[in-house]
Structures are given as structure tokens and as C-alpha cells.
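This briefing is meant to be read alongside the sequence and the coordinates. It begins with the overall make-up and then turns to individual side chains, grouped by topic.

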Amino acid sequence: MEVDEDNRSDFEKEEEEEDDSVSDLLRDRFRLSAISIAESEAKRSGMEISPPIVACIADLAFKYIGQLAKDLELFAHHAGRKSVTMTDVIVSAHRNEHLAASLRAYSDELKAKEPQSERKRKKVPRKEDKGIDGMVNIPDL
């Protein structure tokens, strides 16, 4: 089913163009960052890397990240959540054992740095809160 260009409102066209421009901006920034990282790693290792290869790696990484974002969104949705958790990220790396192990270690490290909060105690009913013998106390929900 094709969308008729004339039936779309100007607002919808503007919104789509804005989404495209934001996506292009993100892709360009990601690409620049990936190129910078690749060049610095090559320099640190004493290697040379050709610009077309770096550009190809940056584009592949951007496509991979896009797919990863979709997968993470699906994992969270499947679990009935609206936000992605660290567990979702670890599960997404299940095909790469080294990456999954690194993510688990990083997650454990983050958990260790979090301040330990006191566990919530269950309310213990006081004597005056107890019902009369034979009656069941039903708390308000």
C-alpha cells in the first residue's frame, strides 16, 4: 500500500524531515567518533589504516548499533517494561561470550559501587492492629 504524498499534512512532512535530519546528525557524529577511535587505536598500535576502511567500519558499527537498539527495545517490551536494563544489554550479547562476560563484570562492578540501601522491612502488626479472635483482618489495597 503506497502513501499518497498529497494526503499527508505539511506537519507530517515537516516532522518526517526533522526526524531524518536528526538521524543524519546522529549518524555523522557517530561516524566521526568511530573514525577518531579507529585512528587513535591504529596510532597507539603503530599501524596505519586506510580512510575507506575506517569509513566502512564506522558505517557498519552504526548499522549494528541501530539493530542493537531495536533488539533492546524488544527485550524490554517482552519483559513488560518501558525502559532497557543492564540485563537486556547482557542478553543481547549472548552470541559473543567474551562481550557477555565483560558486560557481566562491568555490571557487577557498577553494583558494587552503588551504596547499599537498607532492605525494607515487612510491617509487623502491632497488638492493637490485630483483629478480634476469629475475625480476619483484610488490609486496604
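Of the 141 residues in the protein, 11% are buried, and this figure, like every other value below, is computed from a predicted model. The protein has four helices and zero strands, so that, read along the sequence, its pattern is α-α-α-α. The accessible surface comes to about 13,400 Å², and carbon and sulfur atoms supply 55% of that area. Among contacts in the protein with a separation of 6 or more, 27% are accounted for by residues 24 or more positions apart.

**Buried positions and their contacts**

- Leu72 is placed in helix α2, and this residue counts as buried because its relative accessible area is 12%, which is under the 20% cut-off for that class.
- Once neighbours within four places in sequence are left aside, Leu72 is in contact with Val84, Asp88, Val89 and Ser92.
- For one of these partners a backbone distance is also available: Leu72 and Val89 are 17 residues apart in sequence, and their C-alpha atoms are 6.7 Å apart in space.
- Ser107, which lies in helix α4 (residues 97-113), is likewise buried, with a relative accessibility of 7%.
- With neighbours within four places in sequence again left aside, the contacts of Ser107 are with Met86 and Ile90.

**Salt bridges**

- The count of salt bridges comes to six, and those described here include two that involve Arg27.
- As a general point, side chains of opposite charge can pair when their charged atoms come close.
- Arg27 forms a salt bridge with Asp24, in which the closest N and O atoms are 3.1 Å apart; these two residues are three residues apart in helix α1, and so about one helical turn separates them.
- Arg27 also forms a salt bridge with Asp28, where the closest N and O atoms are 3.3 Å apart.
- Arg27 counts as partly exposed at 32% relative accessibility, Asp24 is partly exposed at 35%, and Asp28 is partly exposed at 36%.
- In helix α4, the side chains of Lys113 and Glu109 meet in a salt bridge with an N to O distance of 3.7 Å, and because these residues are four residues apart in that helix, they are separated by about one helical turn.
- Lys113 counts as exposed, with a relative accessibility of 63%, whereas Glu109 is partly exposed, with a relative accessible area of 42%.
- Returning to the bridges of Arg27, shared partners join Asp24, Arg27 and Asp28 into one network.

**Charged surface patch**

- A negative surface patch is formed by Asp10, Glu12, Glu14, Glu15, Glu17, Glu18, Asp19 and Asp20.
- One of its members, Asp20, lies in helix α1, which covers residues 10-45.
- Asp20 has a relative accessible area of 43% and is therefore partly exposed, and this value also satisfies the requirement of over 30% relative accessible area for a residue in a patch.

**Nonpolar surface positions**

- Ile49, Ile53 and Ile57 form a nonpolar patch on the surface, and together they have about 240 Å² of accessible area.
- Ile53, one of the three residues in that patch, is found in helix α2 (residues 51-78) and counts as partly exposed at 45% relative accessibility.
- Leu32 has its place in helix α1, and this residue is exposed because its relative accessible area is 59%, a value that falls in the class over 50%.
- The C-alpha atoms of Leu32 and Ala55 are separated by 9.0 Å, although these residues are 23 residues apart along the chain.

**Points to check in the viewer**

- Which residues outside its near sequence neighbourhood is Ser107 in contact with? Leaving aside neighbours within four places, they are Met86 and Ile90.
- Is Leu72 buried or exposed? Leu72 is buried, at 12% relative accessible area.
- Which residues do salt bridges with shared partners join into one network? They are Asp24, Arg27 and Asp28.

Notes:
Residues are numbered from 1 along each chain as its sequence is written. This is a predicted model: local features need pLDDT of at least 70, side-chain atom pairs count only at pLDDT 80 or more; totals for chains, interfaces and linings use all residues. Side-chain values use heavy atoms; hydrogens and water are left out. Patches are made of residues with over 30% relative accessible area and no salt bridge: like charges are joined within 9 Å, nonpolar side chains (Val, Leu, Ile, Met, Phe, Trp, Tyr) within 5 Å. Accessible areas come from the Shrake-Rupley method with a 1.4 Å probe; for residues, only the protein chains shown count as cover. A salt bridge is a side-chain nitrogen of Lys or Arg within 4 Å of a carboxyl oxygen of Asp or Glu. Lys and Arg count as positive and Asp and Glu as negative; His and the chain ends are not counted. The place of a charge is taken as NZ of Lys, CZ of Arg, CG of Asp or CD of Glu. Buried means under 20% relative accessible area, exposed over 50%, partly exposed in between (1.4 Å probe, protein chains only). Contact means heavy atoms within 4.5 Å.
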